[in-house]
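Colleague: I should like to learn how to read the features of a structural model in an orderly way. May we work through one together?

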Amino acid sequence: MNPWINAEVLTIKKWSSYLFSLILNAPIAPFCAGQFTKLALYDHTNKKIQRAYSYLNSPSEKKLEIYIVRVLNGKLSNMLYNLQSGDKILIKKHSFGFFIIDEIPDCNTLWMFATGTGIGPYCSILKEGKNINRFNHIVLVHAVRYQHELIYLPLMKKLYEKYKGKLKIQTIVSREENKNSLTGRIPFLLNNKMIEKKIGLSISPKNSHVMLCGNPGMVKDTYDFLKNNRNMIKHLRRKKGNITMEKYW
């Protein structure tokens, strides 16, 4: 059984007209960093509208944090965007998914690629920090359209300091140029090896594992590139591989 329970909205952080974070309080069951939950509200016809969202907070933090993009004509995201402190929403008591660090095989370098709100699970994993020491290097890559969408860059920088050289961070902006970020899409920047050159590490099936989270187009295109050009394969419980994926929407 996985019942719906009530969650209270503590704060809603509106970063822009389409990016926001919900800070919630709810008596959920313990979860693993990297997992997702489901949120729901009833619409004007009393129909329950539900969607899946990843936790950005670590499991040890009491306040739940969920980073959301407001979708044009999206039923639930627009209702969530207009919530206020003190409002109640529905949340699943138990969490879902296997996009967690314990499912990742040992390797020298763990690459974490995210687009948009796909940064959430990685923040949860890195904030928690469990079972991380078995990787010599961790590379967190966050790709967005515009520089102002790097909402959690301050947190990424704090995590960089926390890991004292183990963690490397790289931002990518696709629709404008910025001196602090690479320009383009992830598959393009893998093809010309700009990401690896900037980081100073290579992606190889011999020493790397790649996690992909976010836009399904990025996930598919990056997976196809790694499969066809780096001889990497999808990681399954029954068959060890080099790529772990989590698609959004």
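Modeller: We shall proceed from the overall chain to single residues, bearing in mind that this is a predicted model.

Colleague: Let us begin with the fold as a whole. How many helices and strands are there in the protein chain?

Modeller: The protein chain holds six helices and 12 strands. Its C-alpha trace spans about 50 × 40 × 35 Å along the principal axes.

Colleague: What does the radius of gyration say about the chain?

Modeller: The idea is to set the value beside the one that a compact globule of this length would have. For 249 residues the globule would be near 18 Å, and the protein chain has 18 Å, so the two agree. Burial and contacts add to the picture. Of the 249 residues, 53% count as buried. Among contacts with a separation of 6 or more, residues 24 or more positions apart account for 70%. The exposed surface is about 12300 Å², with carbon and sulfur atoms supplying 50% of it.

Colleague: Which residues does UniProt list for a domain?

Modeller: An unreviewed UniProt entry lists residues 2–102 as "domain: FAD-binding FR-type". In the model, that stretch is 7% helix and 43% strand, and its end C-alpha atoms are 23 Å apart.

Colleague: How should I read aromatic pairs, and how many are there?

Modeller: One considers the distance between ring centres, then the angle between the planes: under 30 degrees counts as stacked, over 60 as edge-to-face. The count comes to seven aromatic pairs. One of them joins Y67 and Y152, which are edge-to-face at 4.9 Å centre to centre, with 70 degrees between the planes. This pair links distant parts of the chain: Y67 belongs to strand β5 (residues 64–69), whereas Y152 lies in the loop between β8 (137–144) and α3 (153–162), 85 residues apart. Both Y67 and Y152 are buried.

Colleague: Why is the pair of W111 and F113 called stacked?

Modeller: Their planes stand at 5 degrees, with ring centres 5.9 Å apart, so the pair is stacked. W111 counts as buried because its relative accessibility is 0%, and F113 counts as buried at 0% as well.

Colleague: Which residues do ring pairs link into a cluster?

Modeller: The cluster consists of W15, Y67 and Y152. Rings can also lie beneath a charge. K14 lies over the face of Y81, at 4.4 Å from the ring centre. The charged end of K38 sits over the ring of F96, 5.1 Å from the centre of that ring.

Colleague: How does one describe the surroundings of a single residue, and is H142 buried or exposed?

Modeller: One gives its place, its accessibility and its contacts. H142 is in strand β8 and counts as buried, because its relative accessibility is 1%. Beyond residues up to four places away in sequence, H142 touches several others, including A114, T115, G116, E149 and Q170.

V173 can be read likewise. This residue is found in strand β9 (residues 167–173) and is buried, with a relative accessible area of 0%. Leaving aside neighbours within four places, the contacts of V173 include V144, Y146, S181 and G184. The C-alpha atoms of V173 and H148 are 9.6 Å apart, with their positions 25 residues apart along the chain.

Colleague: How many residues of helix α2 are buried?

Modeller: An α-helix has 3.6 residues a turn, so residues three or four places apart point the same way. Helix α2 (residues 120–128) is mostly covered, with eight of its nine residues buried. Among them are P121, Y122, I125 and L126. The buried residues of α2 pack against β4 (48–54), β7 (109–115), β8, α3, β9 and β11 (208–214).

Colleague: Which residues have a positive phi although they are not glycine?

Modeller: Most residues other than glycine have a negative phi. N131 has a positive phi of about 60 degrees although it is not a glycine. N131 lies in the loop between α2 and β8 and counts as partly exposed at 38% relative accessibility. K193, likewise not a glycine, has a positive phi of about 65 degrees. K193 is in the loop between α4 (186–191) and α5 (194–199), and its 44% relative accessibility makes it partly exposed. Among glycines, G129 takes a positive phi of about 75 degrees just after α2.

Key. Residues numbered from 1 in each chain as written. Predicted model: local features only at pLDDT ≥ 70, side-chain atom pairs only at ≥ 80, totals over all residues. Heavy atoms only, no water. Phe/Tyr/Trp six-rings, centres within 6.5 Å; stacked < 30°, edge-to-face > 60°. Helix = DSSP H or I, 4+ residues; strand = E, 2+ residues; numbered from the N terminus. Buried < 20%, exposed > 50% of the residue type's maximum accessible area, 1.4 Å probe, protein only. Lys NZ or Arg CZ within 6 Å of the ring centre and 35° of its normal. Rg over C-alpha atoms; globule rule 2.2 N^0.38 Å. Contact = heavy atoms within 4.5 Å. Areas by Shrake-Rupley, 256 points an atom, 1.4 Å probe, with all protein chains shown as cover. UniProt positions renumbered as here; feature names shortened; annotations may be inferred.
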